Amino acid sequence: MKEEKQVDLGLRQFIKNLGYIAGGTAMLGTTPWLQSFTTDALKEIKGEKARIGLIRTGSRGVYHIHNLLTIPHAEIIALCDDYEPNLKAASELCPNAKKYTDYRKLLESNEIDGVIISTPLHWHAPMVLDALAAGKHTFCEKSMALTMQECKSVYDTYLTSDKVLYFGMQRLFDEKYIKAIQMIHSGIIGDIVGIRCHWFRNHDWRRPVPSSELERKINWRLYRESSAGLTTELATHQLEVSNWSMKKIPESVVGLGDITFWKDGREVYDSVSLTYRYRSGVKTTYESLIANRFNGMEEQILGHKGTMELAKGEYFFEEVAPAPGILQLIHDIELKLFSAVPIAGPSWIPETAKRQKPNYVMNGFTHTTSGSSMIGADKDGSDHLISAFCQAVITGEKAKNIVEECYASTMLCLMGNQAMAEQRKIDFPQEYIIPYLKF
Amino acid sequence: MRRHAPFKMKPVYSHYYENSCLFHGSILNIMGTGFDIIFIGKSKSDATKIWDQISSLLELLHARLNRFDESSEIAFVNLNAHKQAIKTSDYLWEILSDNQQYFEQTNGIFDITLGNFSQIELNETEKTVFFRSGNTKIDLGGYAKGYAIEKIKKILINNNIRDAFVDFGNSSVLAMGKHPHGDSWKLIIKNPFDQNIILNEEELSNKNISTSGNMLTHTMHIKNTRTGKFNDERKMVTVISDNAIEAEVISTSLMIAQPDEVDSIIQRFDIDKYKIYYL
């Protein structure tokens, strides 16, 4: 029992479930950022702890605290918030952590190895730059920054820094997404011909405000000085999986954005429709409304042979559903695995119903979410992401592609906002193209 | 003159996996079940040509061996052979004479007329078939998949394919060569009444495995040709053999055979291994 407690069983099991084997190359093509987290690598950090400071302890910060408390290789050393009620609540969860109200003071502490930044968007870039300059390994919530200029400056600084930098792109650590994307890359749904992403809620996106001077501080999501709205808060995740599926970045975007229902003084759109265009002509549509939740949240990858619904972890064939055992066999061969497949049995009668039953990405129970929470869903990869970050804090090993993926999807969000504001097509700006991006 | 049935497009799916040089072809509904094949080591264009041969062959056999297809020779024989001896084509002659042998070798259990094989008269010199009784009907349902697999095996060998896996509705499987990352093909056999229970695991190379049995959703589809009653036992039989047809014949027969006649039946066939599961 004691030995087991010293490594993170959650992360270890997650990597195992993905079929990673020691020294194996399986899955690295789809998820290069996971190559540092093999079970062997986890054993190497046994007994060591990442000393973590949290910058801002609002709802998302507290969500991370709950995950950190279950991670054996993490220790919460410090908490920082300039809003007393939030600092107090967090401190009750980790009473031994030192309390700060100014994050610069926290960064001066030599006892802290890494920081987790969960602040409004406009603080991301300044705090990440300060944290890296202070020699701290850094985790920051998505999106990368409020402006394109800031994104570039974070990216350039990261390139010259020897510190680890992570962003809260949890789908990269969500087993359901990883398996589905591997299946897409293996060709199961054929060539991708289109992508539809949507995120619908029926909620004003507000938090209660104890007194009116706190409105812009607490409801920062609603104001342009601190937020880029639905794109950077929600679309960023979906544009990231769109690019992950395509292995490409869109060249341009058109779109319309309006405040149609929640006319309460907010400055960001409550209705967003964007169309991103890849060079091949494949388009990703993104729709978000926050006054109707009927459609929930989904990313549909449309192939000429089938459709993958990533959030539900289900897929459908256009015409034919091959035997499940055969699909497993093909999947194994693609991953260079040799295992037994459940094929032999009494003959089955093919399904002829017009509406196919879904095929499932994961065997057994699949955790899905409606996308309605403003804080974050359980088991959506955030726990593994934070655990991986803490491991990287110990080893100092940078993760492949995470910063680049966040850069790309944030840039696309900001391009979308520009397209909606100026009502014209926006091309990916030349001056912001980084070598990682493939169009 | 017999008219041709209109060509009906069946849902066909195929995909070439470049990284593994793996071709996957699938037909949703053929001979009453689904068909899947994967084979390895061919270029995309060669693989596509081979798949064209295989899928056309299956379409052809589906029509030829289907007694419900009015244009099939089988339907014609079923309709007319009790009136006069019917001259058969070469392939139907081969099927009928083989089945006469299987009928005898299985003590009359494997019977493509489901109980009336003794009413069939085959004239070897004329290659004709005559039914002594009017209610005799040939149904190749329990034979066709094994027959098709043997034909497909020939196509694969002629195209120098060594490693391939053919799954005909799970019940008839050909495992040729080996898995690209193993030295055989490994199969799990599950309890059809409870998919959580694994009954056995088999490693196959250049072998066929045939499975007969009842399922929760699909019982009473195997007729006891001696009693005329459908089998409703919670029982399943798997048979491994070099020959797909013999595997089919034995797996079906052992669902019906009395325990004391199993050994004598088996000895008349080229069978590697069989297993009877009482579930």
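Visitor: What residue of β11(A) stands opposite W199(A)?

Guide: In this model, which is predicted, W199(A) stands opposite M297(A) in β11(A).

Visitor: What makes β7(A) and β11(A) a pair of strands?

Guide: Two strands count as paired when at least two bridges are found between them; seven bridges join β7 (residues 192-200) of chain A to β11 (residues 297-303) of chain A, so the pair satisfies that criterion, and the two strands run antiparallel.

Visitor: Why is the sheet to which they belong called open?

Guide: The nine strands follow the order β15-β13-β12-β11-β7-β10-β9-β8-β16 in chain A, with mixed pairing. Because β15 (359-360) and β16 (426-427) of chain A each have a single partner strand, they stand at the edges, and one side of each is left without a neighbour in the sheet.

Visitor: How do you know that α3(B) has the length expected of its residues?

Guide: Helix α3 (residues 90-105) of chain B has 16 residues and reaches 23 Å from its first C-alpha to its last, which is close to the 22 Å expected at 1.5 Å a residue.

Visitor: What makes one side of α3(B) the buried one?

Guide: A residue is called buried if 20 or more other C-beta atoms lie within 10 Å of its own, and L92(B), I95(B), L96(B), N99(B), Y102(B) and F103(B) of this helix are buried. They cover an arc of only 120 degrees around the axis, and therefore lie on the same side of α3(B). On the other side, D90(B), Q101(B) and E104(B) are exposed.

Visitor: What covers the buried residues of α3(B)?

Guide: The cover includes α2 (73-80), β5 (120-123), β6 (128-131) and α5 (244-256) of chain B.

Note on methods:
Residues are numbered from 1 along each chain as its sequence is written. Chains are lettered from A and ligands numbered from 1 in the order in which they are written. This is a predicted model: local features need pLDDT of at least 70, side-chain atom pairs count only at pLDDT 80 or more; totals for chains, interfaces and linings use all residues. Helices (H or I, at least four residues) and strands (E, at least two) are DSSP runs, numbered from the N terminus. The expected span of a helix is 1.5 Å times one less than its number of residues. A residue is buried if 20 or more other C-beta atoms lie within 10 Å of its own, exposed if 12 or fewer, and partly exposed in between; C-beta atoms are placed from the backbone. The arc is that of the directions from the helix axis to the C-beta atoms. Two residues are in contact if their C-beta atoms, placed from the backbone, lie within 7 Å.
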